[in-house]
Amino acid sequence: MSYPRNAFSEQNTKRLWQLIDEHPLATLVIPNSDTPFVHMSLSLNHEKTHLLGHANPANPLTQLDKAHLQVLFRGPDAYLSPSEVKGLPLPTWDYATAHIRGQLTQITNPEEKRSALHQQLKQFESPVNPWDMSVLSDNQITKLFSQLFFFKIKIESITGTFKLSQNKSDETRQRIAHLLETQGNPLSRYY
């Protein structure tokens with residue numbers, strides 16, 4: 001028996017990239033560490049070949065240059081009750097996740113650091129009134145770059161688990177999607 005069940009395995013990279021863009025807070029698994037997990041926002045580079053991030057010097061990632069890591073992105077989820085969804089025999093929990101395996105490499109080049117930070121700002125800042133690095137002097141940017149550990153994770157594989165009641169009838173799944181949409185739960189878009 002395979003786990004997760006094949007019915008829940010997501011291989012469509014377009015859907016996985018979208019989940020990562022919309023839910024950038026990642027859990028990184030740190031091998032052989034007293035801190036087995038690190039949580040931080042990561043963004044995809046334009047070519048979707050690397051994840052980009054930065055951390056403070058106390059973060060255990062700073063000791064992992066060239067290490068292979070596992071990264072989990074947790075998308076939307078929902079508890080589903082038979083009292084709310086006709087056709088569900090038992091309560092269940094549906095969810096969407098993306099999993100990446102890759103190699104972490106420190107970014108040392110100042111222009112590459114600037115580009116990585118710019119990519120994250122572009123993704124995370126509000127388009128209405130975005131903060132921009134141009135408000136900092138060159139000295140401030142140099143100091144900032146010296147105080148942070150910039151890195152990229154080369155994506156070696158990407159998979160996902162989209163448990164969306166695929167083992168239920170189409171009619172039941174439509175009811176679930178409708179319920180979630182009425183509740184404003186973004187998981188509804190994945191059905």
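This report describes the fold, the strand pairing and a few selected residues of one protein chain.

The model is predicted: local features need pLDDT of at least 70, side-chain atom pairs count only at pLDDT 80 or more, and totals for chains, interfaces and linings use all residues. Residues are numbered from 1 along each chain as its sequence is written, and side-chain values use heavy atoms, with hydrogens and water left out.

## Overall build

The protein chain holds four helices and eight strands. Helices (H or I, at least four residues) and strands (E, at least two) are DSSP runs, numbered from the N terminus. Read from the N terminus, the order is β-α-β-β-β-β-β-β-α-α-β-α. The C-alpha trace spans about 60 × 40 × 30 Å along its principal axes.

Of the 191 residues, 41% count as buried. Buried means under 20% relative accessible area, exposed means over 50%, and partly exposed lies in between (1.4 Å probe, protein chains only). The chain exposes about 11,100 Å². Carbon and sulfur atoms supply 51% of that area. Accessible areas come from the Shrake-Rupley method with a 1.4 Å probe; for residues, only the protein chains shown count as cover.

Contact means heavy atoms within 4.5 Å. Among contacts between residues at least 6 apart in sequence, 73% join residues at least 24 apart.

The chain carries 19 positive and 18 negative charges, and their mean positions are 4 Å apart. Lys and Arg count as positive and Asp and Glu as negative; His and the chain ends are not counted. Each charge is placed at NZ of Lys, CZ of Arg, CG of Asp or CD of Glu.

## Strand pairing around β8

Two strands pair if DSSP finds at least two bridges between them. Strand β8 covers residues 149-163 and pairs with β1 (residues 9-10) in the antiparallel sense, over two bridges. Here Glu10 stands opposite Gly160.

Strand β5 (residues 50-55) also runs antiparallel to β8, with six bridges between them. His50 faces Lys154 in this pairing, and Leu51 has Ile153 as its bridge partner. Strand β7 (residues 92-107) is antiparallel to β8 as well, and 13 bridges join the two. Ala96 of β7 has Phe162 as its partner in β8.

Strand β5 has a second partner. Two bridges link it to β4, again antiparallel. Ser43 stands opposite Leu52 there. Five residues lie between β4 and β5 in their hairpin. Strand β5 is mostly covered, with five of its six residues buried.

In a regular strand the side chains alternate between the two faces of the sheet.

## Helix α1 and Ala98

Helix α1 covers residues 13-22, and its buried residues are Leu16, Trp17, Leu19 and Ile20. Seen down the axis of α1, these residues fall within an arc of 160 degrees, so they line one face of the helix. The arc is that of the directions from the helix axis to the C-beta atoms. The buried residues of α1 pack against β1, β4 (43-44), β6 (68-80), β7, α2 (110-124) and β8.

Ala98 sits in strand β7. It is buried, with a relative accessible area of 0%. Leaving aside neighbours within four places in sequence, Ala98 contacts Leu16, Leu19, Ile20, Val71, Leu72, Phe73, Thr159 and Gly160. The C-alpha atoms of Ala98 and Gln11 are separated by 9.6 Å, although the two residues are 87 apart along the chain.

## Positive phi values

Most residues other than glycine have a negative phi, and most peptide bonds are trans. The table lists residues with a positive phi.

| Residue | Phi | Place |
|---|---|---|
| Lys48 | near 60 degrees | hairpin of β4 and β5 |
| Lys66 | near 80 degrees | loop between β5 and β6 |
| Ser165 | about 55 degrees | loop between β8 and α4 |

How buried or exposed is Lys66? Lys66 is partly exposed, at 48% relative accessible area. Ser165 is buried, with a relative accessible area of 0%.

## After the last helix

Ser188 lies in the segment after α4 (170-183). At 16% relative accessibility, Ser188 counts as buried. Leaving aside neighbours within four places in sequence, Ser188 is in contact with Ala177, Leu180 and Glu181.
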